[in-house]
Amino acid sequence: FFQKTLAAVKSWFTLFGWSKGQNPISVPHSLRRDVCIVQLTVAQEKSFKRKVDKDKGFYEMLLHLNGQPIPGIAASQSLPSDPVERMFQLHWQHSELLSFLRGQGACLSHVMPEFLLAPEDYKIWTEVNSGLRRGSMRSSGKLSGRPIFILEHRTFETVSKRAWTDVLLQIYKVFVLPRVSSRVVPDPSSLESLHNMPGIKSEPLCSNIYSRYERTVLIWLNKQYEKHRKIVWKDSQRGGIPPMRWIVNFDQDLLDGLVLAAQVAAYCPYLIPTHFIKMYTNPRTQEQLLHNSLILVKALHSISLDIDIKV
């Protein structure tokens with residue numbers, strides 16, 4: 001489950017996270033590198049500029065998605081040459097990042113700033129906190145009074161990958177999902193066939209699973225599917241018109257591909273005779289589900305909507 005989630009997160013941020021085209025990422029390696037790369041070729045300099053493309057850094061991604069920078073953190077910062085001082089600055093930046101995201105409504109209380117560090121910086125962090133390493137006056141004490149967790153290298157890599165994945169998911173939740181507006185979703189009651197179907201409320205406290213923005217998307221899915229199922233499959237030879245359904249989640253209710261196909265057909269009706277009419281409208285076997293998924297993915301490719309969705 002986590003691997004599938006990670007693959008979806010990497011795909012979305014690779015395609016849509018930056019303002020100037022695609023930027024392949026790896027979690028956590030490229031993210032940690034983009035926030036902490038320093039150029040150590042000229043030893044006499046007191047500070048070292050990041051070498052990464054200024055349009056492809058982590059904080060540029062945040063600026064693109066959020067519309068404004070994180071207070072106090074510049075997109076192209078300099079880092080001290082001293083390893084301990086560098087670790088302290090990165091730890092502070094990660095603390096500010098997490099505080100900023102939590103202030104926007106992100107659920108990240110389980111993510112510690114040190115989990116976002118690179119392994120070599122985390123090692124310095126553990127040495128400073130355990131008293132094995134002393135540097136400048138700034139780094140002579142512990143980072144905080146709270147209990148610390150010293151993780152082995154392999155465990156740290158696992159925790160760091162999970163932490164960065166959760167950070168990206170929460171960034172999506174607080175910066176991308178709120179762009180969904182209920183104003184673009186017509187009142188479901190406008191369809192006579194929806195009158196007898198239980199409604200989905202978009203009020204904030206109506207669900208402890210989905211946000212109001214996600215529920216707005218569910219309302220849109222119900223509206224579009226009910227409106228177009230009789231149009232898309234009116235001439236179907238593989239099951240006829242599919243039955244009415246109540247779409248309440250983003251996994252089980254979308255498995256057979258019919259709901260997603262109805263959404264695409266609403267905007268690209270020319271795909272109906274070439275693709276969607278060939279779908280099974282009442283699939284009962286794994287082969288039929290696979291068949292529907294193949295057709296859906298081929299339809300997306302035919303309109304050059306290549307968002308790397310696997311069948």
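Where does Ser11 lie? I began my notebook with that, and Ser11 turned out to sit in helix 1. A reminder to myself before going on: this is a predicted model.

**Entry: the whole chain**

I stepped back for an overview. I found ten helices and two strands in the protein. Reading from the N terminus, I noted the order of elements as α-α-β-α-β-α-α-α-α-α-α-α. Of the 311 residues, 44% are buried. I also looked up how far contacts reach along the chain: taking those between residues at least 6 apart in sequence, 64% join residues at least 24 apart.

**Entry: Ser11 and its neighbours**

Back to Ser11. Is Ser11 buried or exposed? Its relative accessible area is 15%, under the 20% cut-off, so I wrote Ser11 down as buried. Then I asked which residues Ser11 touches, leaving out those up to four places away in sequence. The answer is Ile307 and Asp308.

Asp308 deserved a look of its own. I found Asp308 in the segment after helix 10, which covers 286–302. With a relative accessible area of 46%, Asp308 is partly exposed. I also checked Asp308 against Leu15: they are 293 residues apart along the chain, yet their C-alpha atoms are separated by 9.5 Å.

**Entry: helix 1 against helix 3**

Next I turned to helix packing. Two packed helices are described by the angle between their axes and the distance between the axes, and I looked up both. Helix 1 (residues 2–16) packs on helix 3 (residues 58–66) at about 80°, and their axes are 11 Å apart. An angle of 65 to 115 degrees counts as roughly perpendicular, so I logged helix 1 and helix 3 as roughly perpendicular to each other. From helix 1, Trp12, Phe13 and Phe16 take part, and they meet Met61, His64 and Leu65 of helix 3. By class I have five nonpolar residues, one polar and no charged in this contact.

**Entry: helix 3 against helix 6**

How do the axes of helix 3 and helix 6 cross? I read off an angle of roughly 25°, with the axes coming within 10 Å. That puts helix 3 roughly parallel to helix 6. On the helix 3 side I listed Phe58, Met61, Leu62, Leu65 and Asn66, and on the helix 6 side Trp164, Leu168, Ile171, Phe175 and Val176. The contact of helix 3 with helix 6 has nine nonpolar residues, one polar and no charged. Met61 and Leu65 caught my eye, since I had met both names in the contact with helix 1 and found them again here.

**Entry: the largest pocket**

How much space lies in the largest pocket? I noted about 2,600 Å³. Its lining has 42 residues, and Ala8, Phe250, Leu254, Leu260 and Ile309 lie nearest the centre. I then asked which helices each supply at least two lining residues: they are helix 1, helix 6 (153–176), helix 7 (212–232), helix 8 (258–267) and helix 10. Helix 1 gives the largest share, ten residues. The lining divides into 29 nonpolar, seven polar and six charged residues.

**Entry: the cavity**

I counted one cavity of 30 Å³ or more, with a volume of about 30 Å³ for the largest. Which residues line the largest cavity? I wrote down Val297, Leu300, His301, Leu305, Asp306, Ile307, Asp308 and Ile309. They divide into five nonpolar, one polar and two charged. Ile307 and Asp308, the two that Ser11 touches, are among the lining residues of the largest cavity.

**Entry: helix 5**

Helix 5 (residues 119–129) is mostly covered, with eight of its eleven residues buried. The buried ones are Asp121, Tyr122, Ile124, Trp125, Thr126, Glu127, Val128 and Asn129. Just after helix 5, I noted a positive phi of about 80° at Gly131.

**Entry: backbone oddities**

Most residues other than glycine have a negative phi, and most peptide bonds are trans. With that in mind, I marked two places. Ser304 is not a glycine, yet has a positive phi of about 60°. I placed Ser304 in the segment after helix 10, where its relative accessible area of 65% makes it exposed. The other place is the cis peptide bond joining Val27 and Pro28, with omega about 5°. Pro28 belongs to the loop between helix 1 and helix 2 (29–36).

Key: Residues numbered from 1 in each chain as written. Predicted model: local features only at pLDDT ≥ 70, side-chain atom pairs only at ≥ 80, totals over all residues. Heavy atoms only, no water. Axes fitted to C-alpha atoms, helices over the stretch in contact; angles between N-to-C directions. Helix = DSSP H or I, 4+ residues; strand = E, 2+ residues; numbered from the N terminus. Parallel < 35°, antiparallel > 145°, perpendicular 65-115°, else oblique. Contact = heavy atoms within 4.5 Å. Nonpolar A, V, L, I, M, F, W, Y, C, P; charged D, E, K, R; others polar. Buried < 20%, exposed > 50% of the residue type's maximum accessible area, 1.4 Å probe, protein only. 1 Å grid on protein atoms, 1.4 Å probe; cavity = no way out; pocket = protein on both sides within 12 Å on 5 of 7 lines; lining within 4 Å. Points joined across faces, edges and corners; volume = space filled by probe spheres on them.
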